[in-house]
Amino acid sequence: MLNYFLRRLAAMVPVLFLISIFVFLFVHALPGDPARLLAGETATQAEVESIRRALNLDAPLWTQYVNFIGNLVTLDLGTSLRTGEPVSQMIGRAFMPTFWLSVSALTWSVLFGLIAGVISAVRRGSAGDHAGMFAAVSGISMPNFWLGLLLMQLFSVNLGWLGTSGFDEPSDLILPSLTLGAGVAAVMARFTRSAVIDVAREDFIRTARAKGLKERIVVWKHALRNALIPVVTMAGLQFGFLLGGSIVVEKVFRWPGLGSLLLDAINFRDYAVVQSEIMLFSLQFLLINLAVDMLYGFINPAIRYK
């Protein structure tokens, strides 16, 4: 297992290198001149050129890319073009709000998805099954921003139970996490239902029932455990999407996380921040996929890593 883990880590290096090339080219292809944005509309061309030289934006692209790679290797992400603050500090300050938002959304959505999916699979074709899958389809189809505004209107404006924006206390997590996790819960419910139905057809499930085991033991211990591998895979992928895809929800709730930071950086063409955040999101996806693969061995001891 250790050799497999080390090989997977080593395989990340060329993948991240290719991603860095695409990220760098994409960011520099964005329309707009950061030097002009910083100087203001009334600034002269000489002032704009002075800012461009001070920020090293007049250097050839290949030189800027080499500097970018050098910063990544040394874990020095540079400084923000807009504020002059170290990018690592800006990302560090915004990471934890996004992390807790994603963990909260994933926790309730996975629990709900597992329970709803198993119940729908066990009662396949019943009214409860149809109602659960209708709710799942609705959760997938509902836009995040609309659901967020709806929850905000109900629980913040009408009832006054929860805050509308910011992250000042734990209760502020409730509405954003519900908004962010709705689609994940729907996906998990449908995926769990399909996985449990497939496993329920296996011979060992019929054998367990033939032994006289109680139905809840057959379902929750035998069927669900063997259905967990595809479900865990989906949960890991969804967690990666939550960490990197909470931009809309963070904007609706004015959440001080990575999504809001990325939008502001794009608006101001803050190359260092945009590049560093996208590379961070890519690294998160790779590490989460690796963690999911390593988790397979704990779920099913029969799996062997080569």
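These legends walk you through a predicted model, from the whole chain to one patch on its surface.

**View 1. The whole chain is built from 13 helices and zero strands.** Helices here are DSSP runs of H or I with at least four residues, strands are runs of E with at least two, and both are numbered from the N terminus. Along its principal axes, the C-alpha trace spans about 85 × 55 × 30 Å. Of the 306 residues, 40% count as buried (under 20% relative accessible area, with a 1.4 Å probe and protein chains only). Take contacts (heavy atoms within 4.5 Å) between residues at least 6 apart in sequence: 74% of them join residues at least 24 apart.

**View 2. A nonpolar patch of about 490 Å² lies on the surface.** Its members are Leu2, Phe5, Leu6, Leu9, Leu283 and Leu287. Helix H1 (2-29) and helix H13 (271-299) are the elements that give two or more residues to it. The largest share, four residues, comes from H1. To join such a patch, nonpolar side chains (Val, Leu, Ile, Met, Phe, Trp, Tyr) lie within 5 Å, and each residue has over 30% relative accessible area and no salt bridge (a side-chain nitrogen of Lys or Arg within 4 Å of a carboxyl oxygen of Asp or Glu).

**View 3. Leu9 is a patch member placed in helix H1.** Leu9 is partly exposed (between 20% and 50%), with a relative accessible area of 31%. Areas come from the Shrake-Rupley method with a 1.4 Å probe.

**Notes.** Residues are numbered from 1 along each chain as its sequence is written. Local features need pLDDT of at least 70, side-chain atom pairs count only at pLDDT 80 or more, totals for chains, interfaces and linings use all residues, and side-chain values use heavy atoms, leaving out hydrogens and water.

Definitions and conventions:
Patches are made of residues with over 30% relative accessible area and no salt bridge: like charges are joined within 9 Å, nonpolar side chains (Val, Leu, Ile, Met, Phe, Trp, Tyr) within 5 Å.
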